[in-house]
Protein chains: 2
Amino acid sequence: MRIIVLGGDGYLGWPTAMRFAARGHEVWAIDNYLRRQMALETCSEPLFPSPNLIDRAAIFHSVTGHTVRPVVGDCTDPATMFSLFAEVRPNVVVHYAEQPSAPYSMMGFDTARRTLRNNLEATFNTIWACLERAPDCHIIKLGTMGEYGTPNIDIEEGWLDVSHKGRKDRFLFPRAAGSLYHTTKVLDTDLLWFYVRLYRLRVTDLMQGPVYGISTSEADHDRRLMPNFHYDDIFGTVVNRFLVQAVAGIPLTVYGGGGQTRGYLNLNDTLQCIELAADNPPQPGELRIMNQFTETFSVNELAERVVEAGRSRGLKVAIRAVPNPRQEKEHHYYNPAHSALIDLGLQPNPMTTEVLGEMLDRVREHADRIVVDRILPRVSWNREVSA
Amino acid sequence: MRIIVLGGDGYLGWPTAMRFAARGHEVWAIDNYLRRQMALETCSEPLFPSPNLIDRAAIFHSVTGHTVRPVVGDCTDPATMFSLFAEVRPNVVVHYAEQPSAPYSMMGFDTARRTLRNNLEATFNTIWACLERAPDCHIIKLGTMGEYGTPNIDIEEGWLDVSHKGRKDRFLFPRAAGSLYHTTKVLDTDLLWFYVRLYRLRVTDLMQGPVYGISTSEADHDRRLMPNFHYDDIFGTVVNRFLVQAVAGIPLTVYGGGGQTRGYLNLNDTLQCIELAADNPPQPGELRIMNQFTETFSVNELAERVVEAGRSRGLKVAIRAVPNPRQEKEHHYYNPAHSALIDLGLQPNPMTTEVLGEMLDRVREHADRIVVDRILPRVSWNREVSA
């Protein structure tokens, strides 16, 4: 297959590009380094530096013989996207090209606007680059479980059958996200669904939970191929943040009551899911939505697992509740379906003590680089009204 | 009250600004003439020219003694919006500042992109100009009944109580619009709902049906104060188009089977609804959604009513079905609720033969200006795939 990875320099984009190349596909990876720029601007650099996309691709080729074709470009620029799609005529495009941080989107007007514009326009251009240059291309879009929020009913995989006053219809599952970042993914879904039903695009929209992990079979060839690893409050997800806190010898900071429950998955399972989606495309005119996670945990349960993993490595890890900087329910019902990817063949890698322990080992190699100041929450969802 | 009308040069914006000024409120009207520009670009000028916003405001003042303060500016420019809101500190903002044409949004990539960017960014800036400069301001946003599409269940006013597997929750009523223009209003609703629940804005989102009419008590003072009147396939709504066809002596062009049913209202009822919303603001943190129309008709029923009105004026009017340029259901269930505005005091002006007859009289005064070529559909929803 001919595959374009949008956001190919990212935490998920780079491992995805390597995986498809290692499987023998022709792979292009495009990125404008927006996440690197935002991390720099907010003092949120990752734990260790990564080579740029051109250099990563060269290293990958020299180490494995496989090819990822790097493209430095902006997916919000229509000319860039139209010419790339015309050149490649992709069978599959994997769309990760979005500002990925909820706290970043909540810092104020400028970061909110940048999030809205970047994410919507990248999606809009992806739709139109396919329509105009590769209409049979399968779009694999990364959404988020956060689109659904925490409703009081079971979360189905994308769709809901509704009975109302004796009549029935089927709708997109209602969405109510907890940050502007997550809300842009709701808007993405609305846009994709409109163009799918009108122009018969093929789209897979994956509602993904937070991902953890740093090791993949391709990244493990050479340390310079590792995905970027953020541990700060803005770009780091909770598992990575806890692991760094454990290594730094500071208590794991649980936000509020710690009952917030989400679906998580290992980076290797993300790669499996993307491959399964690509190998099983939907029909034209179908918006296929799958919930992409393997296990649900509360924040308190995650913290306990990291304590246990620390113990296995001789680290004594404490837990400390801090005021929740976000507006979210700390105790809520949560029962999301997630069988569609299992049915396609996903073999989950559970979050074992050993998996977390190996991540701790990796983090410890870079322990001297940890900047403690950037772990505690710096962005609040509770706005000081300035009137 | 201090009131800003965004899109104050438009078909609804200008009559709204005059109405509030005539009621003694302080009124600012901002517009960048985008609709005039798009109409010019697509050969869709209105039936008669209107003075520009500055001149209209001067004429209105000279004729009535009331004041509308005109501002020529772009609501997608944050600096313009922030400084306007800082200066005015509005109690109410009425947001009409959107590209209003479904066919325009379906012409191709460029018009779709312009629609998406203009509409979303105007809404986003409205939200943030309120948050930063007038946080207690009541936002009255014009949505559309088209956000809901034509579901197989009763359409409620904005919200739906759902029971699922023995549990219950309340959600935004599911939306599935039939054009990109209508879809941008779905995205607007999602954005507003996010910021309402997070930052406790006060928002009324009015799901309005197609509006008809040209006469209001303020506009009737002087012909130069009339709202603009589009009759073409791109900016004209179906009732206005039929009336012009009746006067031009060409058959009323019913799209497809003509069973498409929508909720309609008179321009004077739009003005009543906006006043009622402004006089009855929601609480902080409330997104109040009301369905704004007074009667439902199929396209075939509308055509019959125009035939009857023509007969009352001695015009012999024919009806002709043409291939439907849109993708929409031509026979469908349609039962939308619309009691919330009645409960606030709306007194509907029904679409009588006399009301349509008076509109025919106005159109006949300008019969020599009718350009027949621009009435038939020029934009198709059915895309030629270019691959």
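How many bridges join β9(A) to strand β11 of chain A, and in which sense do the two run? Two bridges join them, and β9(A) and β11(A), residues 261–266, run parallel. Before we go on, a word on what you are looking at: this is a predicted model, in which local features need pLDDT of at least 70 and side-chain atom pairs count only at pLDDT 80 or more, while totals for chains, interfaces and linings use all residues. Residues are numbered from 1 along each chain as its sequence is written, chains are lettered from A and ligands numbered from 1 in the order in which they are written, and side-chain values use heavy atoms, with hydrogens and water left out.

Let's stay with that pair of strands. Strands (E, at least two residues) and helices (H or I, at least four) are DSSP runs, numbered from the N terminus, and two strands pair if DSSP finds at least two bridges between them. Strands of a sheet pair through backbone hydrogen bonds, either parallel or antiparallel. In chain A, the open sheet has three strands in the order β9-β11-β13, with mixed pairing. Its edge strands, each pairing on one side only, are β9 (211–212) and β13 (295–298). You can find A:Val211 opposite A:Leu265 of β11(A).

Now turn to chain B. Here too, three strands form an open sheet with mixed pairing, in the order β9-β11-β13. Strand β11(B), residues 261–266, pairs with β13(B) in the antiparallel sense over four bridges. One partnership to look for is B:Gly263 with B:Thr296 in β13(B). Across β9 and β11 of chain B lies helix α9(B), residues 267–279, running at about 80° to β11(B). Such angles run from 0 to 180 degrees between N-to-C directions, and the axes are lines fitted to C-alpha atoms, for helices over the stretch in contact.

Helices also meet one another. Back in chain A, the axes of α1 (residues 13–22) and α9 (residues 267–279) come within 10 Å and cross at roughly 55°. That angle makes α1(A) oblique to α9(A); angles under 35 degrees count as roughly parallel, over 145 as roughly antiparallel, 65 to 115 as roughly perpendicular and the rest as oblique. The contact (heavy atoms within 4.5 Å) involves A:Pro15, A:Thr16, A:Arg19 and A:Phe20 on the α1(A) side, and residues including A:Leu271 and A:Ile274 on the α9(A) side. Sorted by class, there are six nonpolar, two polar and two charged residues in this contact. Here Ala, Val, Leu, Ile, Met, Phe, Trp, Tyr, Cys and Pro count as nonpolar, Asp, Glu, Lys and Arg as charged, and the others, Gly among them, as polar.

A second helix pair in chain A is α8 (residues 238–248) with α10 (residues 299–312), whose axes come within 10 Å and cross at roughly 40°. This makes α8(A) oblique to α10(A). A:Val238, A:Val239, A:Phe242, A:Leu243 and A:Ala246 of α8(A) meet A:Val299, A:Leu302, A:Ala303 and A:Val306 of α10(A). By class, that contact has nine nonpolar, no polar and no charged residues.

What links the chains? A:Glu121 forms a salt bridge with B:Arg117, with the closest N and O atoms 3.1 Å apart. A:Glu121 sits in α6 of chain A and B:Arg117 in α6 of chain B, so this pair joins two chains. A salt bridge is a side-chain nitrogen of Lys or Arg within 4 Å of a carboxyl oxygen of Asp or Glu, and the whole structure has 55 over all chains.
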